[in-house]
Amino acid sequence: MTDASPAERLAAVHAAIAGAAKLARRSPEDVTLIAVSKTHGPEAIEPLLGAGQRVFGENRVQEAAAKWPVLRDRFADVELHLVGRLQSNKAEEAVALFDFIQSVDRPSLVAAIASAMDKTGRRPGCFVQVNIGDEPQKGGCSVAELPALLEQCRGAGLPLKGLMCIPPAEIEPAPYFALLSKLADRHGLAGLSMGMSADYEAAVTIGATHVRVGTALFGVRA
Ligand SMILES: *Cc1c(COP(=O)(O)O)cnc(C)c1O
């Protein structure tokens, strides 16, 4: 798809989501496509906005703060998701800028987000990120820590929407997606953010409500 236009890439991803949803007897409307625009400038983002895409993901607060306020002046209905690791000292800026925070993963961050919400009056939806493959280098709480962290989120009044994961690279992701789905069920959470460019179709067949797609929409990052 390297020669395809952004609009064609977007249509192809939507078609793939629809195909996977059909296979699983799901409605494609139950899957939100998050266009992960990290590292890409406005010149790459604007064609997707022009093609109707409104939900975007970024992994760094600073980068998003530099790019999105200007774009939002023209596209007020944009929905922004933070999908990267969040430092507690940036919680207030993140709460002010993002509509969803998908990387809630530790008690100190829950406390920082809760106090940022009190201070700003903004209440972005929150996903708890689970380190589903128990990989030391990855963010996310462990499966064992999840119940206590969810309890803390609920106690602190965070608007909990669901769970997010990034499964281990280079191996079959389906068992990890299935585990995340089971955990969300067990804890009464409807949102399942899973699936990236390489595996979003599999994720949709296993119940993803949000897929986070960068490369398949924007091309390979520099
Ligand atoms: C970069 C990123 C994505 C998108 O990855 P692609 O493979 O480019 O689709 C999705 N989720 C997170 C958390 C990311 O950091």
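Helices here are DSSP runs of at least four residues, numbered from the N terminus. With that numbering in hand, a look at the charged side chains of this predicted model can start in helix α3, which covers residues 61-74.

Side chains of opposite charge can pair when their charged atoms come close. The structure holds 10 such salt bridges, and three of them are picked out below. Take Lys 67 and Glu 63 to begin with: their closest N and O atoms sit 2.9 Å apart, and the two residues form a salt bridge. Both belong to helix α3, and because they are four residues apart there, about one helical turn separates them. As for exposure, Lys 67 has a relative accessible area of 9%, so this residue is buried. Glu 63 comes out at 17%, and since buried means under 20%, Glu 63 counts as buried too.

The next pair reaches across the chain. Glu 92 makes a salt bridge with Lys 119, with 3.2 Å between the closest N and O atoms. Glu 92 is part of helix α4 (residues 91-97) while Lys 119 is part of helix α5 (residues 107-120), so this contact ties together parts of the chain that are 27 residues apart in sequence. Glu 92 is partly exposed, at 35% relative accessible area, whereas Lys 119 is exposed, at 62%.

Then there is Asp 99, whose side chain meets that of Arg 122 in a salt bridge, at 3.7 Å from N to O. This pair, too, links distant parts of the chain, 23 residues apart: Asp 99 sits in the loop between α4 and β4 (100-104), and Arg 122 in the loop between α5 and β5 (125-130). Relative accessibility is 21% for Asp 99, which makes this residue partly exposed. Arg 122, at 31%, is likewise partly exposed. Back at the Lys 67 and Glu 63 pair, there is a third member to add: salt bridges with shared partners join Glu 58, Glu 63 and Lys 67 into one network.

Finally, a word on pockets. The largest pocket of the model has a volume of about 540 Å³. A set of 26 residues lines this pocket, and those nearest its centre are Lys 38, Ile 166, Met 196, Arg 212 and Arg 221. What is the lining of the largest pocket made of, in terms of nonpolar, polar and charged residues? The split is 12 nonpolar residues, seven polar ones and seven charged ones.

How values were computed
Residues are numbered from 1 along each chain as its sequence is written. This is a predicted model: local features need pLDDT of at least 70, side-chain atom pairs count only at pLDDT 80 or more; totals for chains, interfaces and linings use all residues. Side-chain values use heavy atoms; hydrogens and water are left out. A salt bridge is a side-chain nitrogen of Lys or Arg within 4 Å of a carboxyl oxygen of Asp or Glu. Helices (H or I, at least four residues) and strands (E, at least two) are DSSP runs, numbered from the N terminus. Buried means under 20% relative accessible area, exposed over 50%, partly exposed in between (1.4 Å probe, protein chains only). On a 1 Å grid over the protein atoms alone, a cavity is a set of points where a 1.4 Å probe fits but cannot get out, and a pocket is an open set with protein on both sides within 12 Å along at least five of seven lines; lining residues have an atom within 4 Å of a point. Grid points are joined across faces, edges and corners, and a volume is the space filled by probe spheres set on the points. Ala, Val, Leu, Ile, Met, Phe, Trp, Tyr, Cys and Pro count as nonpolar, Asp, Glu, Lys and Arg as charged, and the others, Gly among them, as polar.
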